[in-house]
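Please open the structure in your viewer with a cartoon representation, and keep the selection panel at hand. The stops below go from the overall arrangement to single residues.

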Amino acid sequence: RKNAFMLHNYIELERVEKDRAVFKLDIRPESCNPYGLISGAIYTLADNATGAAAHSDGRYYVTQTSALTSCATRPQGRVRASAWVRHRGKSTVLTAVDITGDGGRLLATGEFTFFCVDKALMDQKAAAEQK
């Protein structure tokens with residue numbers, strides 16, 4: 001609910017549990033780039049899903065690295081991001097994600113690494129930047 005970027009992009013949380021998250025996106029015309037492809041929307045969906053899986057331990061993270069491989073594009077319909085934690089360390093979390101379209105067709109797959117941050121420090125930096 002607090003993620004305005006996610007809401008702006010029409011991404012919805014379906015479920016989250018320890019080390020797992022599923023998000024969905026109903027493709028709209030504004031989800032597409034000028035070529036009619038949804039690569040940016042899929043990346044945003046993947047980042048949100050993997051982030052939620054990482055955050056499921058109650059700590060706060062920022063995306064450190066990401067790699068997303070597109071397998072196919074689907075400019076219409078619903079796409080789903082199923083994310084899970086592959087490894088959880090003291091300061092980093094490695095996650096994986098599969099993006100599927102209607103019928104379970106694999107559209108993209110990837111890995112994201114998240115770095116654990118101090119929420120109070122991040123809030124303090126954000127407030128200072130808004131001044």
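In what order do the 6 strands of the open sheet lie? In this predicted model, the order across the sheet is S1-S2-S4-S5-S6-S3, and the pairing is antiparallel. Select residues 11-17 and then 60-70 to see the edge strands, S1 and S3, each of which pairs on one side only. If you look along the sheet, neighbouring strands are turned against each other by 20° on average, with direction ignored.

Next, select S3 together with strand S6, which covers residues 106-117. These two strands pair in the antiparallel sense over 10 bridges, and one bridge to display is that of Ser70, whose partner in S6 is Ala108.

Now add helix H2, residues 39-55, which packs on the sheet and touches S1, S2 (20-26), S3, S4 (78-88), S5 (92-100) and S6. The direction of helix H2 makes about 40° with that of S4.

Within helix H2, select Thr50. Is this residue buried or exposed? Thr50 is buried, because its relative accessible area is 0%, and the cut-off for that class is under 20%. Showing the surroundings of Thr50 brings up contacts with Ala83, Thr95, Ala96, Val97, Phe112 and Phe114, when residues up to four places away in sequence are not counted. A polar atom of the Thr50 side chain also lies 2.9 Å from the backbone oxygen of Ala46.

Move then to the other edge of the sheet, where S1 and S2 pair in the antiparallel sense over 6 bridges. Here Glu12 can be shown with its bridge partner in S2, Lys24. The two strands form a hairpin with 2 residues between them.

Which residue in this turn has a positive phi? Select Asp19, in the loop between S1 and S2: its phi is positive, about 70°, although Asp19 is not a glycine. Most residues other than glycine have a negative phi, which is why such a value deserves a look. Asp19 counts as partly exposed, at 23% relative accessibility.

For the last stop, select Tyr10, which lies in the loop between helix H1 (4-8) and S1. Tyr10 likewise has a positive phi, of about 60°, without being a glycine, and at 32% relative accessibility it counts as partly exposed.

Key. Residues are numbered from 1 along each chain as its sequence is written. This is a predicted model: local features need pLDDT of at least 70, side-chain atom pairs count only at pLDDT 80 or more; totals for chains, interfaces and linings use all residues. Side-chain values use heavy atoms; hydrogens and water are left out. Two strands pair if DSSP finds at least two bridges between them. Helices (H or I, at least four residues) and strands (E, at least two) are DSSP runs, numbered from the N terminus. Axes are lines fitted to C-alpha atoms, for helices over the stretch in contact, and angles run from 0 to 180 degrees between N-to-C directions. Contact means heavy atoms within 4.5 Å. Buried means under 20% relative accessible area, exposed over 50%, partly exposed in between (1.4 Å probe, protein chains only). A polar contact is a pair of N or O atoms within 3.5 Å; within protein, one must be able to donate a hydrogen and the other to accept it, and residues adjacent in sequence count only if both atoms are side-chain atoms.
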